[in-house]
Amino acid sequence: MRYSPAQQALLEQYVKKILAAPVYELAVRTPLQPAPALSETLGNRILLKREDLQPTFSFKIRGACNRLVQLSDVQKARGVITASAGNHAQGVALAARELGIAATIVMPATTPELKVLGVSSRGAEAVLHGDSFPFALAHALQLAEQTGRTFVPPFDDPDVIAGQGTVAMEILHQHQGPLDAIFVPVGGGGLIAGIAAYVKYLRPEVRIVGVESEHSACLKAALQAGERVVLPSVGTFADGVAVAQIGAYGFEVCRFCVDEVITVSNDELCAAIKNIYDDTRSITEPSGALAVAGIKQYVARTGARNQTLIAIDSGANINFDSLRHVAERAAAGGIVA
Ligand SMILES: *Cc1c(COP(=O)(O)O)cnc(C)c1O
């Protein structure tokens, strides 16, 4: 057997939670769609899981919905508080409004304006605090303590992980033929943990490849060290994944379920945004393009041909003003051998 009984039991727990997660009150089943131009250029069959098409333009609505539904009536009445780089914030804001729960959301002062608007326009209270996620997190935890509101973690929570894992449930339904690898963007590790737990339980031969920004590669650092480490600094171009330490629950799964981690540069992200645009006419945010950037690097390095590779296209919340910068840099990072 590939895994120890304890590991197998952990995966089974997640699979059960994923199968039971009531995310479809708010989340939608997104398409798994071929990327013809990328497939042609790379000599492999590339499919995009279009999580940028969720109601909040990222998959985070899945985990937020699953977590909030599980609260007790007393907890719901007291309200929730969270910290987020922006996309989890919008997921919590939408789920809280639908469930009639008051929500306060702490975001770093560097959060793109459109993500802040995405929170306040959905009726949640937006608090801007600190220059990066760890400062916002500390402030949110303190506020939770003071107010008695329930803290809803953006990634380090089994129900959030299980909510995100519903992405994998859909993928295995939507694609039942040969599948070589799934490329997953990594911030705090909630998405990849949910996907890896589900896929490794059912189809352990499918490779799970994490893709991180080289400016926030906290999973790679943790896997190398054999324990969770705190990065001394974090770059925020890919603001959706600007996290300094992988979550504890996620790492428990990732340490035996993630086959490899690839890191990509900001220029490679800009090029990948263009690749996705060319195939879909949709614009993703930098974090949303991580998986495609990772596939390009993987194919260039391994020489893979005629494989079926899936990229999670995870989000589309980018300020319109940033597009000029993205377009300029895309030219620098795009060349595929
Ligand atoms: C949150 C997020 C990620 C990373 O998810 P984690 O669960 O934090 O690893 C990737 N892409 C986008 C667009 C996100 O919002």
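**Figure 1. Salt bridges and polar contacts between domain 1 and domain 2.** Let's start where the two domains meet: in this predicted model, four salt bridges are found across the interface of domain 1 and domain 2. For a look at a salt bridge in atomic detail, pick out K115 and D239, whose side chains come together with an N to O distance of 2.4 Å. Polar contacts join in as well, with twelve residue pairs linked this way across the interface of domain 1 and domain 2, both partners having pLDDT 80 or more. On the side of domain 1 that touches domain 2, the residues divide into 14 nonpolar, ten polar and five charged.

**Figure 2. The two domains and the area they bury.** To get your bearings, note that the domain assignment splits the protein chain into domain 1, made of 5-58 + 158-333, and domain 2, made of 60-151. Their C-alpha centres lie 23 Å apart. Domain 1 brings 29 residues to the contact, and domain 2 brings 23 residues. The size of an interface is often expressed as the accessible area lost when the parts come together. Here, domain 1 and domain 2 bury about 2300 Å² between them, and carbon and sulfur atoms give 58% of that area. Three residues are good ones to display here: L26, T56 and D159 supply 26% of the area that domain 1 buries against domain 2, more than any other three residues.

**Figure 3. Helix α3 and its packing partners.** Now have a look at α3, which spans residues 60-69 and is mostly covered, with nine of its ten residues buried. The buried set consists of K60, I61, R62, G63, A64, C65, N66, R67 and L68. What do the buried residues of α3 pack against? Their partners are the helices α4 (73-78), α5 (87-99) and α8 (158-174), together with the strands β3 (80-83) and β6 (150-151).

**Figure 4. The surroundings of R2.** Our last stop is R2, in the segment before α1 (5-20). Is R2 buried or exposed? R2 counts as exposed because its relative accessible area is 56%, and the cut-off for that label is over 50%. Setting aside neighbours within four places in sequence, R2 is in contact with P204 and E205. For P204, a polar atom of the R2 side chain lies 3.5 Å from the backbone oxygen of P204. A further residue to include in this view is Y198: R2 and Y198 are 196 residues apart in sequence, while their C-alpha atoms are 15 Å apart in space.

Conventions
Residues are numbered from 1 along each chain as its sequence is written. This is a predicted model: local features need pLDDT of at least 70, side-chain atom pairs count only at pLDDT 80 or more; totals for chains, interfaces and linings use all residues. Side-chain values use heavy atoms; hydrogens and water are left out. Domain bounds come from an automatic or database domain assignment. Contact means heavy atoms within 4.5 Å. Buried area is the accessible area (1.4 Å probe) that two parts lose on being put together, summed over both. A polar contact is a pair of N or O atoms within 3.5 Å; within protein, one must be able to donate a hydrogen and the other to accept it, and residues adjacent in sequence count only if both atoms are side-chain atoms. Ala, Val, Leu, Ile, Met, Phe, Trp, Tyr, Cys and Pro count as nonpolar, Asp, Glu, Lys and Arg as charged, and the others, Gly among them, as polar. Buried means under 20% relative accessible area, exposed over 50%, partly exposed in between (1.4 Å probe, protein chains only). Helices (H or I, at least four residues) and strands (E, at least two) are DSSP runs, numbered from the N terminus.
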